[in-house]
Amino acid sequence: MPPGAEMFTVNLYVGLASPFIGSAIAAGAARFASGAAWGLSPSSCPACGRRLGVLELIPVVSWVVQRGKCRGCAASIPRDYPLIELGAVGVAVWAWLTMPAHLFAATCVMGWLLLALSAIDIRTRRLPDVLTAALALSGLAMAAIVNQDRFIEHLLGAMAGYLVFVTIELVYQRLRGRDGLGRGDAKLLGGIGAWIGITGLPSCIFVAALSAIAWVVVTNMLRGRTIGGETSVAFGPFLAVGGWAVWVYGSLTF
Ligand SMILES: [Zn+2]
């Protein structure tokens with residue numbers, strides 16, 4: 001089989017796996033939020049403990065068919081599940097439409113890790129080390145395979161992403177006497193830096209900051225509140241948006 005067709009087959013399977021990977025991300029995020037152990041175990045209803053049947057494991061469709069309720073105990077299943085499943089499919093579709101074939105699978109891996117990190121950060125304000133480390137290592141592996149000539153840029157990106165945020169954090173603590181950003185954000189930006197390289201970091205931070213400000217302004221307007229020093233949002237999802245935008249579309253030119 002010619003390499004092009006082989007790659008298409010691999011990419012097709014990766015794409016078809018996306019809703020199920022979304023289910024795994026949703027279940028993993030829910031387990032992390034509830035403090036349960038990571039790892040694979042048969043899926044069951046968190047409310048009544050009943051094992052889920054094959055039909056109940058079909059992403060999105062099962063949630064819609066069951067109208068968001070468990071068949072055993074009628075406990076409602078959080079909307080996070082179908083949303084994260086759709087998000088994982090969205091990552092694959094976006095990657096398929098924008099990326100060259102040899103980067104499709106890698107782009108999905110990046111997008112799914114960012115999706116998982118964002119989902120967990122929104123719920124718990126934490127970014128698990130295992131996921132930020134996986135993001136950094138997969139980014140460096142990608143660079144070693146497809147971008148050997150500029151591998152150093154990606155390595156520097158990982159280090160600079162981490163150090164920039166640690167520095168901002170220490171300065172902020174000095175000035176305000178309280179924590180602004182968690183160390184998890186630094187590790188996340190390090191992981192993103194491994195993917196986009198040191199030259200992509202300024203654009204990533206710019207997009208992240210701009211989208212965070214826009215989000216805070218719009219949500220506060222909708223709720224009719226004013227913005228004060230106590231306004232705080234999980235910053236991880238915005239860094240994820242910035243990193244994704246720069247990976248898919250390249251750096252901004254000023
Ligand atoms: Zn149940």
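What spacing do the donors of the zinc ion follow along the chain? They follow C-x2-C-x21-C-x2-C, and the legends below start from that site.

This is a predicted model, in which local features need pLDDT of at least 70 and side-chain atom pairs count only at pLDDT 80 or more, while totals for chains, interfaces and linings use all residues. Residues are numbered from 1 along each chain as its sequence is written, and side-chain values use heavy atoms, with hydrogens and water left out.

**View 1. The zinc ion and its cysteines.** Look for the SG atoms of Cys45, Cys48, Cys70 and Cys73, which coordinate the zinc ion at 2.3 to 2.4 Å. Donors are N, O and S atoms within 2.8 Å of the metal (3.2 Å for Na, K and Ca), and since water is not among the atoms, sites may look incomplete. The 4 donor atoms make angles of 104 to 116 degrees, a tetrahedral site (four donors count as tetrahedral if all angles lie between 85 and 135 degrees). Cys48 sits in the loop between helix H1 (3–33) and helix H2 (61–65), and Cys70 in the loop between H2 and helix H3 (80–98), so this pair ties together parts that are 22 residues apart in sequence. Helices here are DSSP runs (H or I, at least four residues), numbered from the N terminus.

**View 2. Two loop residues with positive phi.** Val60, in the loop between H1 and H2, has a phi near 60 degrees, a positive value in a residue other than glycine. Ala74, in the loop between H2 and H3, is not a glycine either, yet its phi is about 65 degrees.

**View 3. H1 beside H4.** H1 packs with helix H4 (residues 101–124) at an angle of about 10 degrees, their axes 10 Å apart. Axes are lines fitted to C-alpha atoms, for helices over the stretch in contact, and angles run from 0 to 180 degrees between N-to-C directions. H1 is therefore roughly parallel to H4 (angles under 35 degrees count as roughly parallel, over 145 as roughly antiparallel). Residues in the contact (heavy atoms within 4.5 Å) include Met7, Ile21 and Phe32 of H1 and Phe104, Trp112 and Arg123 of H4. By class, this contact has 17 nonpolar, 5 polar and 1 charged residues. Ala, Val, Leu, Ile, Met, Phe, Trp, Tyr, Cys and Pro count as nonpolar, Asp, Glu, Lys and Arg as charged, and the others, Gly among them, as polar.

**View 4. H4 against H5.** The angle between H4 and H5 is about 165 degrees, with the axes 10 Å apart, which means that H4 is roughly antiparallel to H5. Among the residues that meet are Val109, Leu113 and Leu117 in H4 and Leu131, Ala134 and Val146 in H5. This contact of H4 with H5 has 14 nonpolar, 3 polar and no charged residues.

**View 5. H5 with H7.** Helix H5 (residues 129–146) and helix H7 (residues 183–196) pack at about 15 degrees, with axes 7 Å apart, and are therefore roughly parallel to each other. Asp129, Gly139 and Leu140 are among the H5 residues that meet H7, whose partners include Lys187, Gly191 and Trp195. The contact of H5 with H7 has 8 nonpolar, 5 polar and 2 charged residues.

Technical notes. Helix = DSSP H or I, 4+ residues; strand = E, 2+ residues; numbered from the N terminus. Parallel < 35°, antiparallel > 145°, perpendicular 65-115°, else oblique. Tetrahedral: all angles 85-135°; square planar, octahedral: opposite > 155°, others 65-115°.
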